[in-house]
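Dear colleague,

I am handing over the structure below for your consideration. Please look through it before reading the remarks that come after it.

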Amino acid sequence: MDKQALLTELLDLAGRLDIDVRQVYMTGEGGGLCKLRGRWVLFVDNAAPLPEQLARTAEALAGQDHLEDQYLLPEVREILEQYRNPK
């Protein structure tokens with residue numbers, strides 16, 4: 001699976017976890033998960049290179065509850081495990 005498809009899968013997962021996704025232009029170094037007005041919001045920095053967007057998104061989602069309740073493609077599960085259990 002290419003990186004763009006993997007990022008798309010992660011963003012879909014965020015939506016299924018009831019996380020608002022906002023893809024915005026930042027400085028190329030931003031992005032991440034935060035809570036705004038009681039809701040989780042995932043900011044994806046469109047100015048960042050694709051590998052950075054992917055890493056920040058996976059890192060943000062890796063610690064979320066209820067991942068085990070979601071169907072995940074093997075590639076998605078693998079990247080989330082990498083960020084859940086960093087070496």
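The remarks below go from the whole chain to one of its helices.

Please note that this is a predicted model. The protein chain contains three helices and three strands, and from the N terminus on these elements follow the order α-β-β-β-α-α. The radius of gyration is 12 Å, close to the 12 Å that the globule rule gives for 87 residues, so the chain is as compact as a globular protein of that length. Along the principal axes, its C-alpha atoms fill a box of roughly 30 × 30 × 25 Å.

As to the interior, 36% of the 87 residues are buried. Among contacts with a separation of 6 or more, 43% are between residues 24 or more positions apart.

As to the surface, the protein chain exposes about 5,500 Å², of which carbon and sulfur atoms supply 49%. There are 10 positive and 15 negative side chains, and the centres of these two sets lie 4 Å apart.

Helix α3, residues 74-84, may serve as a closer example. Val-76, Ile-79 and Leu-80 are buried in this helix. Seen down the axis of α3, its buried residues fall within an arc of 100 degrees, so they line one face of the helix. The cover over these buried residues includes α1 (3-16) and α2 (50-62). On the other side of α3, by contrast, Pro-74 and Glu-78 are exposed.

With kind regards

Key:
Residues are numbered from 1 along each chain as its sequence is written. This is a predicted model: local features need pLDDT of at least 70, side-chain atom pairs count only at pLDDT 80 or more; totals for chains, interfaces and linings use all residues. Side-chain values use heavy atoms; hydrogens and water are left out. Buried means under 20% relative accessible area, exposed over 50%, partly exposed in between (1.4 Å probe, protein chains only). Helices (H or I, at least four residues) and strands (E, at least two) are DSSP runs, numbered from the N terminus. The arc is that of the directions from the helix axis to the C-beta atoms. Contact means heavy atoms within 4.5 Å. The radius of gyration is taken over C-alpha atoms; the globule rule is 2.2 Å times the number of residues to the power 0.38. Accessible areas come from the Shrake-Rupley method with a 1.4 Å probe; for residues, only the protein chains shown count as cover. Lys and Arg count as positive and Asp and Glu as negative; His and the chain ends are not counted. The place of a charge is taken as NZ of Lys, CZ of Arg, CG of Asp or CD of Glu.
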